[in-house]
Amino acid sequence: MASFSLEDFVGDGALKGLLPKLLEEGWDDVPTLKIMNPEDMDAINMTRQQKDALEIRCYLHDRALMLYGDKLEASGKGLPELLGLSNTELYGQYGMKRGHIARFMDRTNPCAADPFPASNALPSRRKTIYKGEFSSVNSRKMQTRSRGMSSTTSDVTLEKSISDLKIKDGHVFKGIVAAGPAEPRACGCVQPPPIVDSVAPYPIIENISVQKLTPEYKIGMEQLVKTKTPPMKASELWRDKPAVLICIRRPGAEAHQLYAKKPMFDALGIQLFAVLHEQIEAEVKDFWPRYWGGVVLYDKGMEFFKALGGGKLLKDKFISGFLFNPRAIANYKRAKAMGVEQNFKGEGEIKGGLFIVGRGKSGIAYQFIERNFGDWAPLSEVVEICSRLQNQQQSHVESFKTSQEY
């Protein structure tokens, strides 16, 4: 299990007594805690034992092996020494299962899906000034690449689309539509359902009524909002800052790997929201904050999901959409390899996706559609779009300040 609950992450070892200090200094969620550097550790006077414990737990969390955290930490060994143990020692001394041993010993971190390119390792803070008029980009259908496949055309299309993307207050632009490949099913005998090739009109999503089911997780807070919050217009979510809204068919792995990059989105000034089309309390409790520590929204009318499908829900049957679909089966195996428990509760035929919405009324910058069960919006694309939103917003602010001075 790789929980985003800070209590689950620190366990009962050396870090437990440090929780009040972590909270005081702002290291109050797991993604942020995992980016501590040696200077940060020294600033709060962490002991060598606590530093070793944090290194071990970060390594385990990346591999969904937190169930061994307390045992490995109690050994008194550092991570390099633990990685030097034999399979027999890991099994005999720590009760580690064979599959978990393989995951533990794999230094390439196979559980980290869709890694960021090196250029996005740290968010860009450059202030890019665009000359000339702000304009909108023509909407287009873009096939996102599958892992390991050649993608020169897709890369050029994305780069060209993003380079054309301009933002100005009060101007609604059209963004980029992306989806996974439409691979043949059952030897070509079954055709995948069609998807839209243009972004949803902004007026369709701005008045959607949503309800907050959870707040953003912080250490020590109640596990769920006890009193139901009143419905609100979706436009309130991105009134002041851009937002990424991940519309989830069933809570699980995609949300987990997106929220794991929360510090990067925080640095870019981007908010993260998970949108559910069902309100099953047990499912929400299993999901938050274990796999998602951010705000969870309930879309009772399924309006965001309809917007992804061009006004109607995009659905697929289990047999044709999963059993006869090699892409969906591969997606299932990918999620399972991450150590995320599979969720089969509730309605499972409605497809989800992802929106990136600019601040105010600037519109939808990016829309990803779950063509095959388990398709994820490539994180590199999501971060690239968010980086451009931030840079262009800063550019607009700088231009406005300059015009005011003159």
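**Stop 1: Leu23**

Select Leu23. Leaving aside neighbours within four places in sequence, Leu23 is in contact with Asp28 and Ile219. This is a predicted model, so treat each stop as a look at a prediction. Now colour helix α2, residues 19-24; Leu23 sits in this helix. Is Leu23 buried, partly exposed or exposed? Leu23 is partly exposed, with a relative accessible area of 42%.

Add Ile219 to the selection. Leu23 and Ile219 are 196 residues apart along the chain. Draw a distance between their C-alpha atoms: the separation is 7.3 Å.

**Stop 2: the whole chain**

Zoom out and switch to a cartoon view. The protein chain has 18 helices and nine strands. Of its 406 residues, 51% are buried. Next, show the surface. The chain exposes about 19,200 Å², and carbon and sulfur atoms supply 53% of that area.

Contacts come next. Take those between residues at least 6 apart in sequence: 75% of them join residues at least 24 apart.

**Stop 3: Thr32**

Select helix α3, residues 30-33, and find Thr32 in it. Thr32 has a relative accessible area of 15%. Buried means under 20%, so Thr32 counts as buried.

Show side chains here. Which side chain makes a polar contact with the side chain of Thr32? The partner is Asp29, at 2.7 Å. Now widen the selection. Not counting residues up to four places away in sequence, Thr32 touches Gly26, Trp27, Lys262 and Pro263.

**Stop 4: a cluster of rings**

Show the aromatic side chains. The structure holds six aromatic pairs. Start with Phe4 and Tyr259, an edge-to-face pair. The ring centres are 5.0 Å apart, with 75° between the planes. Phe4 lies in the segment before α1 (6-10), while Tyr259 lies in helix α12 (residues 253-259). The pair therefore ties together parts that are 255 residues apart in sequence.

Check how covered these two are. Phe4 is buried, at a relative accessible area of 2%. Tyr259 counts as buried too, at 2% relative accessibility.

Keep Tyr259 and add Trp292. Tyr259 and Trp292 form a tilted pair, 5.2 Å centre to centre, with 50° between the planes. This pair links distant parts of the chain: Tyr259 is in helix α12, and Trp292 is in the loop between α14 (281-287) and β7 (295-298), 33 residues apart. Both Tyr259 and Trp292 are buried. Select all three rings together: ring pairs link Phe4, Tyr259 and Trp292 into a cluster.

**Stop 5: a charge over a ring**

Select Tyr59 and Arg63. What sits over the ring of Tyr59? The charged end of Arg63 does, 3.7 Å from the ring centre.

**Stop 6: strand β5**

Select residues 243-248, strand β5. Why is β5 described as largely enclosed by the rest of the structure? Six of its six residues are buried, so the description follows. In a regular strand the side chains alternate between the two faces of the sheet. Look at each side of β5 in turn. Ala243, Leu245 and Cys247 are on one side, and Val244, Ile246 and Ile248 are on the other. All of these are buried, which leaves both faces of β5 covered.

Now find the partners of β5. Add strand β6, residues 271-276: six bridges join β5 to β6, and the two run parallel. At one of these places, Ile248 stands opposite Leu276 in β6. Add strand β8, residues 353-357: five bridges join β5 to β8, and the two run antiparallel. Here Ala243 stands opposite Val357 in β8.

**Stop 7: strand β9 and its turn**

Stay with β8 and add strand β9, residues 364-369. Six of the six residues of β9 are buried, so β9 is largely enclosed by the rest of the structure. How do β8 and β9 run, parallel or antiparallel? They run antiparallel, joined by five bridges. Gly353 stands opposite Ile369 in β9.

Follow the chain from β8 to β9. The two form a hairpin with six residues between them. Select Gly360 in the turn: it has a positive phi of about 65°.

End with strand β2, residues 176-179. Four bridges join β2 to β9, and these strands run parallel. Centre the view on Ile176, which stands opposite Tyr366 in β9.

Terms used: Residues numbered from 1 in each chain as written. Predicted model: local features only at pLDDT ≥ 70, side-chain atom pairs only at ≥ 80, totals over all residues. Heavy atoms only, no water. Buried < 20%, exposed > 50% of the residue type's maximum accessible area, 1.4 Å probe, protein only. Polar contact = N/O pair within 3.5 Å; in protein donor to acceptor, adjacent residues only side chain to side chain. Contact = heavy atoms within 4.5 Å. Areas by Shrake-Rupley, 256 points an atom, 1.4 Å probe, with all protein chains shown as cover. Phe/Tyr/Trp six-rings, centres within 6.5 Å; stacked < 30°, edge-to-face > 60°. Lys NZ or Arg CZ within 6 Å of the ring centre and 35° of its normal. Pairing = 2+ DSSP bridges.
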